[in-house]
Amino acid sequence: MKRLLFALLLLSSPVLAEKDRIYYVHTRPPSSYSGIIGEDGFFYEFTNSADRFNDEICKIRINGACFVKTNIPAKIVKEGIMKAGSLYWCSEEHIQARNKANPKTSPLRYSSIDFGYGKCTKDGWVR
């Protein structure tokens, strides 16, 4: 009986019950500009600033990462591509699929290294 109660308590935890969020990236580098869509349909921007410890600013926390709510509506325009404001954002799964389908070639000695640089557009990830 104790195990059943413990299992129900564990599964009903809001942290564990929260659906998997998809992280979207607009551009990288020089830094990765990324975020998520909140359940309210607005864009939540990832922050690594000192304010990330402030619960007034950090509206969503996922695995220690802080996301700040913006007033920018966000929507999925294609599978793996989100639009928030005038910018497009690609999921990591989409980025990896595009990089695999169109590998970057380089005459350098370490041509197999791919740093994931690029930008998300309405047509997807572009390096």
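A pocket, as I use the word here, is an open set of grid points with protein on both sides within 12 Å along at least five of seven lines. I note at the start that this is a predicted model.

**Entry 1: the largest pocket**

I looked up the volume of the largest pocket and found about 240 Å³. Its lining consists of I22, Y23, Y24, E79, G80, S91, E92, E93, H94, A97 and R98. Which element gives the largest share of this lining? I found that helix α3, residues 92-101, does, with five residues. I then sorted the lining by type: four residues are nonpolar, three are polar and four are charged.

**Entry 2: strand β7**

S91 of the lining led me to strand β7, which covers residues 87-91. I asked how many of its five residues are buried. Four are, so β7 is largely enclosed by the rest of the structure.

Next I checked the partners of β7. Strand β1, residues 24-28, is antiparallel to β7 and is joined to it by two bridges. Here Y24 has S91 as its bridge partner, and both residues also appear in the pocket lining. Strand β6, residues 81-84, also runs antiparallel to β7, with four bridges. In that pair I noted M82 with W89 as its bridge partner. β6 and β7 make a hairpin with two residues between them. In the turn, G85 has a positive phi of about 65°.

**Entry 3: strand β5**

I moved on to β5, residues 65-78, and listed its pairings.

- Strand β3, residues 42-47, is joined to β5 by five bridges and runs antiparallel to it; F42 stands opposite P73.
- Strand β4, residues 58-62, is antiparallel to β5 with four bridges; R61 has C66 as its bridge partner.
- β6 is antiparallel to β5, again with four bridges; K78 stands opposite I81.

I also looked at the turns. The β4 and β5 hairpin has two residues between the strands, and N63 in the turn has a positive phi of about 50°. The hairpin of β5 and β6 has two residues between its strands, and G80 there has a positive phi of about 85°. G80 is also one of the residues lining the largest pocket.

**Entry 4: T70**

I picked one residue of β5, T70. Is T70 buried or exposed? Its relative accessible area is 16%, and buried means under 20%, so I entered T70 as buried. Leaving out residues up to four places away in sequence, T70 touches F42, F43 and E45. The side chain of T70 also reaches the backbone nitrogen of I72, at 3.2 Å.

How values were computed:
Residues numbered from 1 in each chain as written. Predicted model: local features only at pLDDT ≥ 70, side-chain atom pairs only at ≥ 80, totals over all residues. Heavy atoms only, no water. 1 Å grid on protein atoms, 1.4 Å probe; cavity = no way out; pocket = protein on both sides within 12 Å on 5 of 7 lines; lining within 4 Å. Points joined across faces, edges and corners; volume = space filled by probe spheres on them. Nonpolar A, V, L, I, M, F, W, Y, C, P; charged D, E, K, R; others polar. Buried < 20%, exposed > 50% of the residue type's maximum accessible area, 1.4 Å probe, protein only. Pairing = 2+ DSSP bridges. Polar contact = N/O pair within 3.5 Å; in protein donor to acceptor, adjacent residues only side chain to side chain. Contact = heavy atoms within 4.5 Å.
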